[in-house]
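Let's take a relaxed walk through a protein model. Have a look at the picture below, then read on.

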Amino acid sequence: MTQALKVVAVTGASSGIGEATARRLAADGHRLFLGARRTDRLEALTEEIAAAGGSAAFRRLDVTDAADVRAFVSAARERYGQLDVVVNNAGVMPLSPLEALRVDEWDRMLDVNVRGVLHGIAAALPVMRAQGGGHFVNLASVGAYEVSPTAAVYCATKFAVRAISEGLRQESTGNIRVTLVSPGVTESELADTISDPAAREAMKTYRAVALPASAIADAIAYAVSQPSQVDVNEIVVRPAATAQ
C-alpha cells in the first residue's frame with residue numbers, strides 16, 4: 001500500500017513512546033512537528049531525524065496550557081502549511097494510594113493526562129475541519145479498561161481519555177478519524193514520576209516484563225497509514241508474556 005505522507009504533531013515527544021513514534025513516522029516519510037518541555041532532547045531528536053533524511057521541527061510545549069497548545073498547532077501549520085495528525089501522547093503517572101492524599105499529584109495527572117488531550121483537540125479540531133480532514137491519535141493505557149491499587153486516579157484519567165476519544169469519534173462526520181492506543185507495560189520514563197515509595201517499589205515488579213516503545217510506535221504508524229476511508233478506533237498492545 002502506498003500511503004499519503006502527512007504532517008504529524010506529537011506531544012510528549014522528548015522520550016518514550018513519543019520519541020519512538022517520531023522516529024518511526026519520520027522513517028515512513030511523514031513530516032514531524034514535535035512538542036515537549038525538554039527542548040534539548042527535542043533538538044537532538046530533530047537533528048537525528050534530519051541526519052537520517054527525514055523532516056522534523058520542534059517547539060517547547062506545555063500541554064496543560066491551552067494557549068501554548070494553540071501556539072504549537074499554529075507553529076506546525078506555519079512550518080508545513082497543514083496539519084494532518086495529532087498524537088496526544090504527553091502523560092504522567094505518579095501512582096500512590098488514595099489515602100496518601102497526594103492531591104497535587106492528582107491535579108497534575110488531571111492537567112496533563114486529561115486536559116492535555118482536550119487542549120490538543122480544541123487546538124487542532126477547527127484546523128482539521130477547515131482543511132477537510134484529520135486524525136487524532138490519543139494515548140491511553142490498559143488502565144483505561146481496569147483499575148489497580150495505587151492507580152485509581154491514573155486509571156481515571158485514562159478512562160477519561162477513552163471516553164473523550166469515543167465521543168469525538170461519534171461526533172465526527174467521517175473526515176476526522178480517531179484512534180485510541182492503549183499500551184500495556186512499556187519501557188518509558190513514566191515510572192520515574194512516582195514519588196510514593198511503596199508504589200514505586202511495586203511498579204518495579206509490575207514492569208519487569210515490558211514492551212519496547214517502538215512496539216507502540218508501530219501500532220500508531222499502522223493507524224496513521226490506513227487510507228482515509230479506514231478509521232482504526234482502538235488498539236490495545238500488551239507484552240505477550242504477561243496479562244498486564
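Is Thr150 buried, partly exposed or exposed? With a relative accessible area of 28%, Thr150 is partly exposed (buried means under 20%, exposed over 50% and partly exposed in between, using a 1.4 Å probe and protein chains only). Keep in mind that this is a predicted model, where local features need pLDDT of at least 70, side-chain atom pairs count only at pLDDT 80 or more, and totals for chains, interfaces and linings use all residues. Residues are numbered from 1 along each chain as its sequence is written, and side-chain values use heavy atoms, with hydrogens and water left out.

Now for the backbone. Most residues other than glycine have a negative phi. Thr150 goes the other way, with a positive phi, and Leu101 has a positive value too. Here they are side by side:

| Residue | Phi | Loop | Relative accessible area |
|---|---|---|---|
| Leu101 | near 55 degrees | between β4 (85-88) and α4 (103-131) | 59%, exposed |
| Thr150 | about 75 degrees | between β5 (134-139) and α5 (152-171) | 28%, partly exposed |

The helices (H or I, at least four residues) and strands (E, at least two) are DSSP runs, numbered from the N terminus.

On to the rings. You'll find one aromatic pair here (rings of Phe, Tyr and Trp, with its six-membered ring, pair if their centres lie within 6.5 Å; planes under 30 degrees apart are stacked, over 60 edge-to-face and the rest tilted). The ring centres of Phe33 and Phe72 are 5.2 Å apart and the planes sit at 45 degrees, so this pair is tilted. Phe33 belongs to strand β2 (residues 31-36) and Phe72 to helix α3 (residues 66-80), so the pair ties together parts 39 residues apart in sequence. Both Phe33 and Phe72 are buried.
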